[in-house]
Amino acid sequence: MNLLFFLTPKCDVCVLDSSYTLRQAVEKLNATGRSAVPVIDAEGHYCGTASEGDLLRAVLKEDTQKDWEHVRLTDIIRKDFNPPVSAFASIEDLLQRASEQNFVPVVDDRGMFIGIVTRKAILQHFMKEWKKQT
């Protein structure tokens with residue numbers, strides 16, 4: 001089984017642009033209703049994941065909303081949070097990562113973001129397989 005079977009492609013994933021300011025990131029994340037979203041640069045490389053917690057910590061450091069315009073999203077996100085897997089990663093690696101995060105970012109061999117695999121997609125697949133056997 002290939003992990004691409006579970007992939008939600010980049011075109012169907014809400015992402016934040018790495019050039020966003022704190023204000024832009026807060027507005028976009030709020031509009032999505034998600035608690036975390038991938039961050040990609042202008043070329044399409046995966047830069048990290050922005051979470052509500054990351055943005056909240058940054059907001060609390062600033063004195064006013066005007067100051068949010070001077071804080072770059074790339075200065076906020078934790079580079080080691082929610083690392084991606086390769087499109088060629090094993091299912092075991094994918095399952096290990098999915099056990100730790102709600103979604104797993106997937107990159108190609110150039111580091112380009114190609115989509116995500118959600119924990120929900122994995123669980124739904126295995127539930128269908130389990131029901132077939134019962």
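Here a student and a tutor talk through how some labels for this predicted model are earned.

Tutor: Some ground rules to start: this is a predicted model, where local features need pLDDT of at least 70, side-chain atom pairs count only at pLDDT 80 or more, and totals for chains, interfaces and linings use all residues. Residues are numbered from 1 along each chain as its sequence is written, and side-chain values use heavy atoms, with hydrogens and water left out.

Student: What makes up the protein chain, in helices and strands?

Tutor: The chain has 4 helices and 7 strands, in the order β-β-α-β-β-α-β-α-β-β-α from the N terminus. Those names come from DSSP runs, numbered from the N terminus: H or I over at least four residues for a helix, E over at least two for a strand.

Student: Why is H125 called buried?

Tutor: Buried means under 20% relative accessible area, exposed means over 50%, and partly exposed is in between, with a 1.4 Å probe and protein chains only. H125 has a relative accessible area of 12%, so it is buried. This residue sits in helix 4.

Student: What does H125 touch?

Tutor: Contact means heavy atoms within 4.5 Å. Leaving aside neighbours within four places in sequence, H125 is in contact with M1, F5 and F6.

Student: K131 is in helix 4 too. Is K131 buried or exposed, and how do you know?

Tutor: K131 has 55% relative accessibility, so it counts as exposed. Its C-alpha atom is 31 Å from that of A36, and the two residues are 95 apart along the chain.

Student: And what makes E92 exposed or buried?

Tutor: E92 comes out at 59% relative accessibility, so the label is exposed. You'll find E92 in helix 3.

Student: Why is S18 called buried?

Tutor: S18 has a relative accessible area of 13%, so it earns the buried label. It's in the loop between strand 2 (16-17) and helix 1 (22-32). Not counting residues up to four places away in sequence, S18 touches V39, I40, D41, A42, C47, L73 and T74.

Student: What is there to say about N82?

Tutor: N82 is in the loop between helix 2 (52-61) and strand 5 (85-86). At 2% relative accessibility, it is buried, so the label follows from the cut-off. Its phi is near 55°, a positive value in a residue other than glycine. Most residues other than glycine have a negative phi.

Student: Why are helix 3 and helix 4 called oblique?

Tutor: The axes of helix 3 (residues 91-98) and helix 4 (residues 119-133) come within 10 Å and cross at roughly 120°. Axes are lines fitted to C-alpha atoms, for helices over the stretch in contact, and angles run from 0 to 180 degrees between N-to-C directions. Under 35 degrees is roughly parallel, over 145 roughly antiparallel, 65 to 115 roughly perpendicular, and the rest oblique. So helix 3 and helix 4 are oblique to each other.

Student: Which residues meet where helix 3 and helix 4 come together?

Tutor: L94, L95 and A98 in helix 3 meet R119, I122 and F126 in helix 4. By class, that contact has 5 nonpolar, no polar and 1 charged residues. Here Ala, Val, Leu, Ile, Met, Phe, Trp, Tyr, Cys and Pro count as nonpolar, Asp, Glu, Lys and Arg as charged, and the others, Gly among them, as polar.

Student: How much of the whole chain counts as buried?

Tutor: Of its 134 residues, 40% count as buried. The C-alpha trace spans about 60 × 30 × 25 Å along its principal axes.
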